Each structure stands twice: as structure tokens, then as C-alpha cells.
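Subject: Structure for your review

Hello,

The structure we discussed is below, with the sequence alongside. My notes on the core and on the charged pairs follow it.

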Amino acid sequence: QVRLVESGGGLVQAGGSLRLSCVASTSERIVNINTMGWYRQAPGKQRELVATITGGGFTKSADSVKGRFGITTDSAKNTAYLQMNNLEPEDTAVYYCFAQITIAAMTLWQTGDYWGQGIQVTVSS
């Protein structure tokens, strides 16, 4: 019912920057985007939280990215951004967009958790 599409990944040298974008789209009416965020999964490791932001602007981020990554949203575009600065080889992973969204489907409001397909970020040393 809701599709998340990520963009902005790629290959960058250590110390460089990337900005990831995640756009939420649906044929239904979006009542509220409760939370949007990013998780990542490196080879052989579990998926971990990178950063999230609530509809009220409250943010949470992993200790490993504090001071280097920032998450923002553009509510008019149903889009979340992850600005990644001073990238390190340890940041290499597939990054997944996550969103908890409430939509109006017919006469019901439905809240669901949605994931994007993932996008590769590779940081070379």
C-alpha cells in the first residue's frame, strides 16, 4: 500500500559525503507519517538503526554516527533525507529506509510499517 524508494547511494572515499533520500508514495491518502528513518546492514551483521525522526521532529541516532550523520524530512514531499558526512569504511552497508505511516483507506485509518528495497553505500579507505 505504501512504497518507499531510496536514492543517493554509491561509492565514496573515506572522509567524503553522501545524501540519501527516501520518498514515500501511495495511492491512498497519507494521514500522518509517524516516523521515518534509516537502518543499515553490513555483510555478516544484523540490521541496525542509523537514525530516525518522528513527525514531531524528534530524532534518534546510533552513537556510531552522531556528529557525522543528520536526518531531516520534507513533509510536503513525504521525503526523508540522511546526510552522511565524514564517511568511514565501517559505514559500508546496504541502507534501508523505514517508515511508519497512517493512511486513509476507504473509511478506515491504517497504520503500518514499511521498508524500502535498500541501497548500497560503499566507503573506500
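Methionine 84 touches Gly16, Ser17, Leu18, Leu20, Arg68, Phe69, Tyr95 and Val121, leaving aside residues up to four places away in sequence. Please keep in mind that this is a predicted model.

Met84 is also part of the largest nonpolar core, which has 32 residues. Together with Trp38, Leu82 and Tyr95, Met84 is among the residues with the most contacts inside that core. At least two core residues come from each of these strands: β1 (2-7), β3 (18-26), β4 (29-41), β5 (48-54), β7 (69-74), β8 (79-84), β9 (93-105) and β11 (119-124). The largest share belongs to β9, which gives six residues.

Now the charges. Side chains of opposite charge can pair when their charged atoms come close. The structure has five salt bridges, and I describe three of them here.

Arg68, one of the residues that Met84 touches, pairs with two acidic residues.

- With aspartate 91, arginine 68 forms a salt bridge whose closest N and O atoms are 2.7 Å apart. Arginine 68 sits in the loop between β6 and β7, and aspartate 91 in the loop between β8 and β9, so this pair ties together parts that are 23 residues apart in sequence.
- With glutamate 88, the side chain of arginine 68 meets in a salt bridge at 3.9 Å, N to O. Glutamate 88 is likewise in the loop between β8 and β9, so the pair ties together parts that are 20 residues apart in sequence.

Which of these side chains are buried, and which are partly exposed? Arginine 68 is buried, with a relative accessible area of 10%. Aspartate 91 is buried as well, at 1%. Glutamate 88, in contrast, is partly exposed, with a relative accessible area of 32%.

The third pair is arginine 40 with glutamate 48, where the closest N and O atoms are 2.7 Å apart. Arginine 40 has 7% relative accessibility and therefore counts as buried, the cut-off being under 20%. Glutamate 48 is partly exposed, with a relative accessible area of 37%.

These pairs are not separate items: Arg40, Glu48, Arg68, Glu88 and Asp91 are linked in a network of salt bridges. When you open the model, Arg68 is a convenient place to begin, as Arg68 belongs to that network and is also touched by Met84, a residue of the core.

Regards

Definitions and conventions:
Residues are numbered from 1 along each chain as its sequence is written. This is a predicted model: local features need pLDDT of at least 70, side-chain atom pairs count only at pLDDT 80 or more; totals for chains, interfaces and linings use all residues. Side-chain values use heavy atoms; hydrogens and water are left out. A nonpolar core is a set of buried Ala, Val, Leu, Ile, Met, Phe, Trp, Tyr and Cys residues joined through side-chain atoms within 4.5 Å. Buried means under 20% relative accessible area, exposed over 50%, partly exposed in between (1.4 Å probe, protein chains only). Helices (H or I, at least four residues) and strands (E, at least two) are DSSP runs, numbered from the N terminus. Contact means heavy atoms within 4.5 Å. A salt bridge is a side-chain nitrogen of Lys or Arg within 4 Å of a carboxyl oxygen of Asp or Glu.
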